[in-house]
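This report covers the domain contact, the charged side-chain pairs and a few local features. Please view the structure alongside the text.

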Amino acid sequence: MSYKVGYWNTRGFVEPIILVLEYLQYPYERVKYEFDHAEHWFENDKKTLGFDFPNMAYLLCPNGQKFTQSITILRHLGREGGLFTAQTNDQITKLEEILDTVVDLRLGFALLCLNPNFSDMKNDYLMNLGGRFGPFEEWLAGGRKWLNGDNLFVGDFIFWSVLDYHECMEPTVLEAYPNVKRFKEEFASIPQIASYLASDKFKKFPVLIKQAYWGWSP
Ligand SMILES: N[C@@H](CCC(=O)N[C@@H](CS)C(=O)NCC(=O)O)C(=O)O
């Protein structure tokens, strides 16, 4: 029995879930929905798969559990696979703080790309990335290999993904952030991740849904 992960045929919100499954070497299948046949989701699976809160991304677990909400799914897999664990309430709260901050970074990027004024806003966004990347640059400068020090956690998977989306938009975007750049390169060289990225399961585009003003194609 394997996991089933459903999402549009894009990287979007699903990629960190796929990276975690690849890292943990959990068997999984992807269910990819096409925008040109969106009824497959909206008229069929969304109504019939039995979710309490139907949405995508979704995860069907080998034990029959069904979950939606991409960050909930990440935390679930993280607790199961040792990628979201801590000894104390303070430590788990720190992980949640980092994770929420990465999610904010992703949200800011998605809002930019979904804005009809995208072409007017893009330069400003890229020129002012210091406010978004700066705190991560400083945090990683404190001798931390990953966002949680020596131990990978689910926040690293979403961080890598959102950094790569930025690089797809503007290849030089990390040049001013050497620690973030180092993080990204080292994450991509983790053997399970490197092997996934080199496989035909991984494609750079589409990053975002077809309705976005950037992210459907290079
Ligand atoms: N907070 C949710 C957002 C879910 C969401 O907005 N999903 C979009 C794709 S990014 C969608 O098309 N959902 C299908 C639907 O609304 O039925 C998550 O992180 O999973």
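A residue counts as buried when its relative accessible area is under 20%, as exposed when that value is over 50%, and as partly exposed in between. Asp164, with a relative accessibility of 2%, therefore falls in the buried class. The model discussed here is predicted.

**Domains and their contact**

The domain assignment divides the protein into domain 1, residues 3-82, and domain 2, residues 89-190. Taken over C-alpha atoms, the centres of domain 1 and domain 2 are 23 Å apart. Domain 1 gives 14 residues to the contact, and domain 2 gives 14 residues. Between them the domains bury about 1,300 Å², with 70% of this area on carbon and sulfur atoms. On the side of domain 1, the residues that lose the most area to domain 2 are Arg11, Tyr23 and Ile71, which together make up 36% of what that side buries.

How many salt bridges are counted between domain 1 and domain 2? The count is 1 salt bridge. Arg11 and Asp164 form a salt bridge through their side chains, with an N to O distance of 2.8 Å. Across the interface, 5 residue pairs are in polar contact, both residues of each pair being at pLDDT 80 or more. Two elements, α1 (15-24) and α3 (70-81), give two or more residues to the side of domain 1 that touches domain 2. That side consists of 7 nonpolar, 4 polar and 3 charged residues.

**Arg11 and its surroundings**

Arg11 lies in the loop between β1 (3-8) and α1. Is Arg11 buried or exposed? Its relative accessible area is 5%, so Arg11 is buried. Not counting residues up to four places away in sequence, Arg11 touches Trp160, Asp164, Tyr165, Cys168, Phe202, Lys203, Lys204, Pro206 and Val207. The side chain of Arg11 also makes a polar contact of 2.7 Å with the side chain of Glu15.

Glu15 belongs to α1, where it is buried along with Pro16, Ile17, Ile18, Leu19, Val20, Leu21, Glu22 and Leu24. Because 9 of the 10 residues of α1 are buried, this helix is largely enclosed by the rest of the structure. Gln25, just after α1, has a positive phi of about 60 degrees.

**Salt bridges**

Side chains of opposite charge can pair when their charged atoms come close. The whole structure contains 12 salt bridges. Four of them are listed here with their N to O distances.

| Residue pair | N to O distance |
|---|---|
| Arg11 and Asp164 | 2.8 Å |
| Asp164 and Lys204 | 2.9 Å |
| Lys145 and Glu186 | 3.1 Å |
| Lys181 and Glu175 | 3.4 Å |

The salt bridge of Lys145 and Glu186 has an N to O distance of 3.1 Å. Lys145 sits in the loop between α6 (130-141) and α7 (154-169), and Glu186 sits in helix α8 (residues 178-188), so the pair ties together parts that are 41 residues apart in sequence. Lys145 has a relative accessible area of 36% and is therefore partly exposed. Glu186 is also partly exposed, at 27%.

In the salt bridge between Asp164 and Lys204, the closest N and O atoms are 2.9 Å apart. This pair links distant parts of the chain, with Asp164 in helix α7 and Lys204 in the segment after α9 (191-198), 40 residues apart. Asp164 is buried at 2% relative accessibility, whereas Lys204 is partly exposed with a relative accessible area of 38%.

Lys181, which pairs with Glu175 in a salt bridge, is partly exposed, with a relative accessible area of 25%. Salt bridges that share partners connect Arg11, Glu15, Asp164, Glu167, Lys184 and Lys204 in one network.

**Gly130**

Gly130 is part of helix α6. With a relative accessible area of 37%, Gly130 is partly exposed. Which residues does Gly130 contact, leaving aside neighbours within four places in sequence? They are Pro135 and Tyr177. Gly130 and Asp90 are 40 residues apart along the chain, and 28 Å separates their C-alpha atoms.

Key. Residues numbered from 1 in each chain as written. Heavy atoms only, no water. Domains from an automatic or database assignment. Contact = heavy atoms within 4.5 Å. Buried area = accessible area lost by both parts, 1.4 Å probe. Salt bridge = Lys/Arg side-chain N within 4 Å of Asp/Glu carboxyl O. Polar contact = N/O pair within 3.5 Å; in protein donor to acceptor, adjacent residues only side chain to side chain. Helix = DSSP H or I, 4+ residues; strand = E, 2+ residues; numbered from the N terminus. Nonpolar A, V, L, I, M, F, W, Y, C, P; charged D, E, K, R; others polar. Buried < 20%, exposed > 50% of the residue type's maximum accessible area, 1.4 Å probe, protein only.
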